[in-house]
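Colleague: Before I use these assignments, I would like to hear the reasoning behind each label. Can we go through them one at a time?

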Amino acid sequence: MSTARSASPFKVFGATTLSAMLLLAAPLVSSAAEGGSPLRSYLAAKREAIQAQSAQPAAPTAIHAKVTAESRSGVRRLRIGPTGEFQYISDSGRNYAGYNLGAGSWDSLVGTLASSVADEYIVQAAEQNVPLDALDVVFTSIPERKSESLAYPNNLSYVAYIDSPATAAQLQALKRAVHEKSSAIDLVTRPQQVSHAEVEYIHSDAVRDPTLPPGLRDFITEEKRPAVLARQAKPASGKDNPAEPQTLVARAHVEPRTGLRRVFLGKDGYHQQLHDSAPGLLGYGLAPTVEEHLLGVTGTCLTHIFEVQAAARNVLLDSLELTVDGQLSPRFASNIRSPARYSDIRYRVRIESPASEQEIDALRQSVEATCPLYNLVKDEQKLEGSIVRGAYAEATNQAR
């Protein structure tokens with residue numbers, strides 16, 4: 001079944017919305033009639049969709065996302081797709097002048113990687129005709145400091161909890177195919193050619209109209225700057241008292257009847273995200289693909305670091321909007337001979353500020369030098385994966 005994306009102007013997801021969507025999207029398939037579990041039935045349908053796509057020529061997919069720093073709150077609103085039909089909120093905690101209204105960029109990155117790995121296991125299992133009855137992927141990262149001014153998530157690893165009658169050899173072959181074919185794994189493990197951000201600079205008045213409500217300038221100066229300076233003032237941890245790295249974790253659960261991936265971010269799963277398949281691969285148009293979201297997350301990180309560096313350098317901002325674009329080669333088509341890969345990743349930022357052009361260019365340079373996910377994509381990372389037999393809930397209960 002393939003459903004086109006909704007024509008509604010936008011969709012913002014919450015926990016209750018996710019549950020309603022999953023119930024509405026679940027097809028009425030009798031597993032007993034199909035001779036297997038709901039996930040096996042889904043894999044059979046996925047295999048047919050892959051075969052149909054593989055018989056047709058295809059062109060690269062354009063990926064577009066826009067991130068806006070929202071006025072007085074500084075919250076980063078991510079709009080995915082050419083019309084921004086899917087939206088996510090990215091925010092900081094209160095200790096960094098945020099409101100915890102949405103997951104931060106680092107947590108979202110780990111969540112999108114968990115979801116992309118889960119998606120690739122499903123796709124490769126369908127292609128190789130490997131039976132699966134349940135699949136969850138738990139992805140972790142231990143961030144490291146690359147320099148005094150740059151740190152980002154690395155030490156990437158995942159555990160795939162797979163309930164399946166397949167042999168050990170089949171599962172290992174499945175894992176090898178996932179690592180070979182995944183565009184997301186390639187994005188973070190191979191250095192990418194990423195453009196410098198192109199800046200559209202609009203000069204604004206040094207003194208704001210006092211009749212206007214507080215805006216982004218007020219957030220940067222009154223809230224973000226004190227938080228940034230407080231962080232910079234903290235003494236560095238000495239060798240005798242090293243700072244404990246904070247492990248990032250996310251779990252992607254594959255809904256067996258739909259293939260939708262529900263992603264639980266953090267150890268408590270406080271924030272949740274939803275990812276769908278592409279329309280030609282049994283997608284329902286309920287959520288963005290993980291390939292779109294993964295590139296969009298790098299945009300939320302860049303936008304946040306523009307706020308951080310503006311606060312640190314005392315550069316006034318009246319508006320801040322960033323777009324990220326890229327190409328993704330076809331996953332399946334009659335005219336391809338290699339796995340899907342990202343290319344032509346580029347960023348454009350629109351800034352309104354009373355600062356000079358020289359100050360804005362210096363701001364851009366400092367952002368690119370310190371932005372975690374911008375540099376993660378440019379650098380080479382290592383990623384390890386393992387498979388544990390059994391459904392995730394059963395494995396958790398046994399561990400207890």
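Modeller: Start with pairing: two strands count as paired if DSSP finds at least two bridges between them. Bear in mind that this is a predicted model.

Colleague: What makes β6 and β7 a pair?

Modeller: Three bridges join β6 (residues 144-147) to β7 (residues 150-152), and pairing requires at least two, so the two strands pair. They run antiparallel, and E144 faces Y152 of β7. With two residues between them, β6 and β7 form a hairpin.

Colleague: How many bridges support the pairing of β2 with β3?

Modeller: Six bridges link β2 (residues 61-70) and β3 (residues 75-80), again in antiparallel fashion. Six against a requirement of at least two settles the pairing, therefore β2 and β3 count as paired. A65 has I80 in β3 as its bridge partner. The hairpin of β2 and β3 has four residues between the strands, and S71 there takes a positive phi near 40°.

Colleague: How do you know that β3 also pairs with β4?

Modeller: By the same count: five bridges join β3 to β4 (residues 86-90), and at least two are needed, so this is a pair as well. The strands run antiparallel, with R79 opposite Q87 in β4. Their hairpin has five residues between the strands, and G81 takes a positive phi near 100° in it.

Colleague: Why is T323 called buried?

Modeller: The relative accessible area of T323 is 15%. Buried means under 20%, so T323 meets the cut-off. T323 lies in strand β13 (residues 319-328). Leaving aside residues up to four places away in sequence, T323 touches H64, A65, K66, R346, Y347 and R348.

Colleague: How do you know that the span of α5 agrees with its number of residues?

Modeller: Helix α5 (residues 168-181) has 14 residues, which at 1.5 Å a residue should span 20 Å. The end C-alpha atoms are 20 Å apart, so the two values agree.

Colleague: Which residues of α5 are buried, and what puts them on the same side?

Modeller: L171, L174, K175, A177 and V178 are the buried residues of α5. They cover an arc of only 165° around the axis, so they sit on the same side of the helix. The face turned away from that buried side carries A169 and R176, which are exposed.

Colleague: What do the buried residues of α5 pack against?

Modeller: They pack against α4 (105-128), β8 (156-163), α6 (183-189) and β15 (383-389).

Definitions and conventions
Residues are numbered from 1 along each chain as its sequence is written. This is a predicted model: local features need pLDDT of at least 70, side-chain atom pairs count only at pLDDT 80 or more; totals for chains, interfaces and linings use all residues. Side-chain values use heavy atoms; hydrogens and water are left out. Buried means under 20% relative accessible area, exposed over 50%, partly exposed in between (1.4 Å probe, protein chains only). Contact means heavy atoms within 4.5 Å. The expected span of a helix is 1.5 Å times one less than its number of residues. The arc is that of the directions from the helix axis to the C-beta atoms.
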